[in-house]
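Here are a few exercises on charged side chains, each with a worked solution. Have a look at the model first, then try them in order.

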Amino acid sequence: MRRFELIVPCHFGMESVLKREIVDLGYDIADVSDGRVTFYGDEEALCRANIFLRTGERVLIKIGTFRAESFEELFQGTKSLPWEEYIPMDGKFWVAKASSIRSKLLSSSDIQSIMKKAMVERLQSVYHIKWFEESGESFPIRVFLMKNQVTVGLDSTGEPLHKRGYRRLTAKAPIAENLAAALIMLTPWNKDRILVDPFCGSGTIPIEAAMMAARMAPGMNRSFIAEKWDHIVSKRIWYNAMDEASDLVDLNVRTDIQGYDIDEEMIEIARENAALAGVDRLIHFQRRGVEQLSHAKKYGFLITNPPYGERLQNKEGLPALYRTIGERYRELDSWSMYLITAYDRAEQAVGRRADKNRKIYNGMIKTYYYQFLGPKPPKRSQRNEPGK
C-alpha cells in the first residue's frame, strides 16, 4: 500500500487528546505542533482516520514542505511538488485556505492565487495541455505558513469532521462536536458512570458521550471527498473501514446520560439531534433550570458549556448564574465537574478553585476548561462488600 504523511488539524489545546486517538488507532506519530498532529499511514489509515477520529477537524495528505520568504520562492516551491501524483487531468483544484503565522508572506488571497498558478504550470507541463476544464472530482488544498516554512496538504475530508451529520438544528452558541468529544475525553468518564450536562442546548455533549458509549464512530454516517479519488484510495478500502465501524456499534449498552436545559425548544432540538445520531434511547433530556440540578447517585460527572457572556449585554447575570452552579454542585455527593468558559471570574463565583485548568481556544475565543475533581469511586469488589 501507498504510504502517506497525514496531517490532522484540531482545536488549539487539544493536541494531546488527538495524539492519543491516533496512537489508539495504531499509527505512528510524526509530529505534534500547535493545532495539529501529523502521523504516518497508508490508504487504510486515511479512511480510518476520517471515520474514527472524534477530535480532529480534517485529514490532509501532506504533499510537501519548503521554505518561502518571497512570492517567487512560494511559486517555485509549489511548482516543484508532485501534483500529478494526486490531481488527474480533469481534476478541479484550488487552495481552499491559507494561514500564515510569523512569516513574511501574510496575504492569504495572494498566497492562494500564486500557488494555484504554480500548480497549473506544473500540471500543464506534465499533461501537455494549455487549459484545464476542471470538470472532474474536487481536490481542495490547504497550506500553513509558520516562520516561513510552508506545509502543503490535500484535504481528503471535505466538510469538516465535526460535522457528523446529526446536528440539523443548533443552539445560539453551539459547541463544535469535535470539541465536545475532546472535553469528555479529558475526563475519566466512561459508559458505566453518570454524566449530566445542565446546559445541554442542542445536545452535543450528551450525544457525543452516547456515541462513545455505543462505540459509534463519528464519521460512519457521512461521506468524505476522498471517497471519489479512486486513483488514490480504492472504494474497497472505504467499504472495509465502514464495515469495521458498523461491527463495533453496540446500541444495547446501558447508560445514564442526561441533558437539561431551561428552554423547552432546545430540549426538543436535542431530542431530534439524538434521534438523527441514532442514540436517542441512550440519553434522557429534560427541561430543567440549573437551580433544579440534583441527582441521588454518587460519583457522577457534570460536563458542560454554560453561558459565558459572549456579548456585553449578557454579562450582568453571570455572577449569579455561576454562584448557582457552585451551589448545586456542592449538593452533589462525590461528583466531579468540568466546565468550559471564557468567564474570567468563574472560580470565584463557583466558590472553589479548580483542581485543574486547561486553556482551550473555542474558535477565536480563549476559554478555560475548569476541572473540579471529586473522589474516585471504590473498586467494584469493595462496593460489593457488606456495608458498602
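**Exercise 1.** Is Glu84 buried, partly exposed or exposed, and at what relative accessibility?

*Solution.* Before starting, note that this is a predicted model, where local features need pLDDT of at least 70, side-chain atom pairs count only at pLDDT 80 or more, and totals for chains, interfaces and linings use all residues. Residues are numbered from 1 along each chain as its sequence is written, and side-chain values use heavy atoms, leaving out hydrogens and water.
- Take the classes: buried is under 20% relative accessible area, exposed is over 50%, and partly exposed lies in between (1.4 Å probe, protein chains only).
- Glu84 has 25% relative accessibility, so this residue counts as partly exposed.

**Exercise 2.** Find which parts the salt bridge of Glu84 and Arg122 ties together.

*Solution.*
- Recall the rule: a side-chain nitrogen of Lys or Arg within 4 Å of a carboxyl oxygen of Asp or Glu.
- The side chains of Glu84 and Arg122 form such a bridge, at 2.8 Å from N to O.
- Glu84 sits in the loop between α3 and β5 (92–101) and Arg122 in helix α4, so the pair links parts 38 residues apart in sequence.

**Exercise 3.** Place the salt bridge of Arg271 and Glu268.

*Solution.*
- Their N to O distance is 2.7 Å.
- Both residues belong to helix α8 (residues 264–277), 3 residues apart, about one turn of the helix.
- Arg271 is partly exposed at 35% relative accessible area, and Glu268 is partly exposed at 40% relative accessibility.

Definitions and conventions:
Helices (H or I, at least four residues) and strands (E, at least two) are DSSP runs, numbered from the N terminus.
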